[in-house]
Amino acid sequence: SVFPELVDTGSNLTEPFSHCPVIVCEERALGSAMPPELKNFNLSETRAQGLRLVPYKTINSIGLLPAFMPDTLLVRLQGESAKKVGDCYIAVLDKPLGSDDYRAVCNPQMLIQNFILA
């Protein structure tokens, strides 16, 4: 899946155990990249392998988002070639982020990591 994301300098969202940065992504943007165990995710059943619950807090809400670590994630900054990003989690949001310009919001910490050419 390919989707535009916003690098949010106000975001410090990380997975609480690994402290890896988190990308919040609209479910509809993931397409076939979404793990099957997330398709019918139920918060009361958190036995799915490889899933984490990431706590979040915004101005208007607080809660938990189901998240997974992708096998491979490439990021292409404007004007540059795509680069492989190190460990991070993708938290799945079951509603739109509120803008047609992007489908995901990125913790800027993931862009500070060392990049590996894909």
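Begin with the whole chain, coloured from the N terminus on, and the elements of the protein can be followed in the order β-β-α-α-β-β-β-β-β-β-α-β, which amounts to 3 helices and 9 strands. What is displayed is a predicted model, and the tour should be read with that in mind. Before zooming in, a surface view gives the overall setting: the protein exposes about 7700 Å², of which carbon and sulfur atoms supply 50%, while 34% of its 118 residues count as buried. Among contacts between residues at least 6 apart in sequence, 67% join residues at least 24 apart.

Next, select the strands of the open sheet, which has 6 strands in the order S1-S8-S2-S7-S4-S3 and mixed pairing. At its edges lie strand S1 (5-7) and strand S3 (51-57), each of which pairs on one side only. Looking across the sheet, one finds neighbouring strands turned by 30° against each other on average, with direction ignored.

Now select residues 22-26, which form strand S2. Why can S2 be described as largely enclosed by the rest of the structure? The reason is burial, because 5 of the 5 residues of this strand are buried, taking under 20% relative accessible area as the cut-off. Showing the side chains makes clear that both faces of S2 are covered, with Val22, Val24 and Glu26 buried on one side and Ile23 and Cys25 buried on the other.

Keep S2 in view and add its two neighbours in the sheet order, S7 and S8. Strand S7 (residues 89-93) runs parallel to S2 and is joined to it by 5 bridges; within this pairing, isoleucine 23 has isoleucine 90 of S7 as its bridge partner. Strand S8 (residues 104-106), by contrast, runs antiparallel to S2, with 3 bridges joining the two, and here valine 24 stands opposite valine 105 of S8.

From the strands, move to the packing of side chains. In soluble globular proteins, nonpolar side chains tend to be buried together. Select Leu30, Phe68 and Met110, the residues with the most contacts inside the largest nonpolar core, which has 17 residues. To this core S2, helix H1 (27-30), S7 and S8 each supply at least two residues. Apart from it lies another core, of 10 residues, and a selection of Cys20, Val24, Ala91 and Leu93, which are among them, will show where to look. Val24 is thus a useful last stop, being a member of this second core, one of the buried residues of S2 and the residue opposite valine 105 in S8.

How values were computed:
Residues are numbered from 1 along each chain as its sequence is written. This is a predicted model: local features need pLDDT of at least 70, side-chain atom pairs count only at pLDDT 80 or more; totals for chains, interfaces and linings use all residues. Side-chain values use heavy atoms; hydrogens and water are left out. Helices (H or I, at least four residues) and strands (E, at least two) are DSSP runs, numbered from the N terminus. Buried means under 20% relative accessible area, exposed over 50%, partly exposed in between (1.4 Å probe, protein chains only). Contact means heavy atoms within 4.5 Å. Accessible areas come from the Shrake-Rupley method with a 1.4 Å probe; for residues, only the protein chains shown count as cover. Two strands pair if DSSP finds at least two bridges between them. A nonpolar core is a set of buried Ala, Val, Leu, Ile, Met, Phe, Trp, Tyr and Cys residues joined through side-chain atoms within 4.5 Å. Axes are lines fitted to C-alpha atoms, for helices over the stretch in contact, and angles run from 0 to 180 degrees between N-to-C directions.
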